[in-house]
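Hi,

Here is the structure I promised to pass on to you. Have a look at it first, and then read my notes underneath.

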Amino acid sequence: MSEQKKNILGLTFEKLKSEFLNFGFTILDAKRVFPWIHVKLATSFDEMSDLPKQTREKLEEFFSLEKPICKILQKSLDGSRKALLELSDGNLTETVFIPEKNRNTVCVSTQIGCAMKCKFCYTGTQQFARNLTASEIMAQIFFWKDMLKSEKFEYASLSNIVFMGMGEPLLNFSNVSDALEILLAPKAHNFSRKKIIVSTSG
């Protein structure tokens, strides 16, 4: 991915508007693009059929919807799945899908490694590398939502999210906050506040 392109998967609507205005797009463009990303789960700007072709081509020039590459997808006996995702800089992060009788939960990572070094946690044995961006946090949700659309995936919905994967969420508060705002937004993923848990070692 070109460094000149900004990944907009993790931009809140207000930040998306600001970025668009900086590059000569309109607020209407932002209003159209935001639900394409978060409701219709578009993978390219070319899919955004209610935008003029010239606008879509210009969006492609400046912005990215790039998602991590799944390097390993494992399935346990209880049906849980763990995905190892490779980010654009080569770092790896993990996210887990946990099916239960009355809910399907995704466990989200917020950092590469962890600086807390809790003795009971395997991630604590790994060296802290960096915070995940809001786009990289959101990409974990998109990964499982894309999986849910697959005919080979036996589950139909995602009901709960827990921020208790790799890293300490509150040490990446700004990016976690942006991801939460998007997940809770009625015109985006529209999760209930009761269905999201942010776990902290503190």
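**What I found**

The residues of α1 that are buried pack against β1, α2 (27–38), α3 (53–62) and β2 (63–64). Please keep in mind as you read that this is a predicted model.

Let me stay with that helix for a moment. Helix α1 covers residues 13–22, and its buried residues are L16, K17, E19 and F20. They lie on the same side of α1, because the arc they cover around the axis is only 165°. After α1 comes G24, which has a positive phi, near 90°.

You may be surprised to see a lysine in that list. K17 counts as buried because its relative accessible area is 18%, and buried here means under 20%. The side chain of K17 forms a salt bridge with that of E14, at 3.4 Å from N to O. The two are three residues apart in α1, so about one helical turn separates K17 and E14. E14 itself is partly exposed, with 49% relative accessibility.

Next, one of the strands that α1 packs against. N7 lies in strand β1, which is made of residues 6–7, and N7 is buried at a relative accessible area of 18%. What does the side chain of N7 reach? One partner is the backbone oxygen of E66, at 2.8 Å; another is the backbone nitrogen of L9, at 3.0 Å. If you set aside residues up to four places away in sequence, N7 touches S64, L65, E66 and S135.

A second polar residue to click on is S109, in the loop between β6 (104–107) and β7 (111–112). Is S109 buried or exposed? It is buried, with a relative accessibility of 0%. A polar atom of the S109 side chain lies 2.8 Å from the backbone nitrogen of M166. Beyond its neighbours within four places in sequence, S109 is in contact with T93, E94, L132, I137, Q140, G165 and M166. There is also T95, 14 residues from S109 along the chain, with the two C-alpha atoms separated by 6.2 Å.

E94, one of those contacts of S109, brings us back to charged pairs. The whole structure has 13 salt bridges, and one of them joins the side chains of K82 and E94, at 3.9 Å from N to O. K82 sits in strand β4 (residues 81–86) and E94 in strand β5 (residues 92–99), so this pair ties together parts that are 12 residues apart in sequence. Both ends are partly exposed: K82 has 32% relative accessibility and E94 has 30%.

Two further entries belong here. E136 is buried, at a relative accessible area of 12%, and E136 forms a salt bridge with R130 in which the closest N and O atoms are 2.9 Å apart. K67, D146 and K149 are linked in a network of salt bridges.

Finally, a word on the surface. Which residues make the nonpolar surface patch of about 280 Å²? They are L170, F173 and V198. V198 belongs to strand β10, residues 196–198, and V198 is partly exposed, with a relative accessible area of 31%.

Happy browsing, and write back with any questions.

Best wishes

Notes
Residues are numbered from 1 along each chain as its sequence is written. This is a predicted model: local features need pLDDT of at least 70, side-chain atom pairs count only at pLDDT 80 or more; totals for chains, interfaces and linings use all residues. Side-chain values use heavy atoms; hydrogens and water are left out. Helices (H or I, at least four residues) and strands (E, at least two) are DSSP runs, numbered from the N terminus. Buried means under 20% relative accessible area, exposed over 50%, partly exposed in between (1.4 Å probe, protein chains only). A polar contact is a pair of N or O atoms within 3.5 Å; within protein, one must be able to donate a hydrogen and the other to accept it, and residues adjacent in sequence count only if both atoms are side-chain atoms. Contact means heavy atoms within 4.5 Å. Patches are made of residues with over 30% relative accessible area and no salt bridge: like charges are joined within 9 Å, nonpolar side chains (Val, Leu, Ile, Met, Phe, Trp, Tyr) within 5 Å. Accessible areas come from the Shrake-Rupley method with a 1.4 Å probe; for residues, only the protein chains shown count as cover. A salt bridge is a side-chain nitrogen of Lys or Arg within 4 Å of a carboxyl oxygen of Asp or Glu. The arc is that of the directions from the helix axis to the C-beta atoms.
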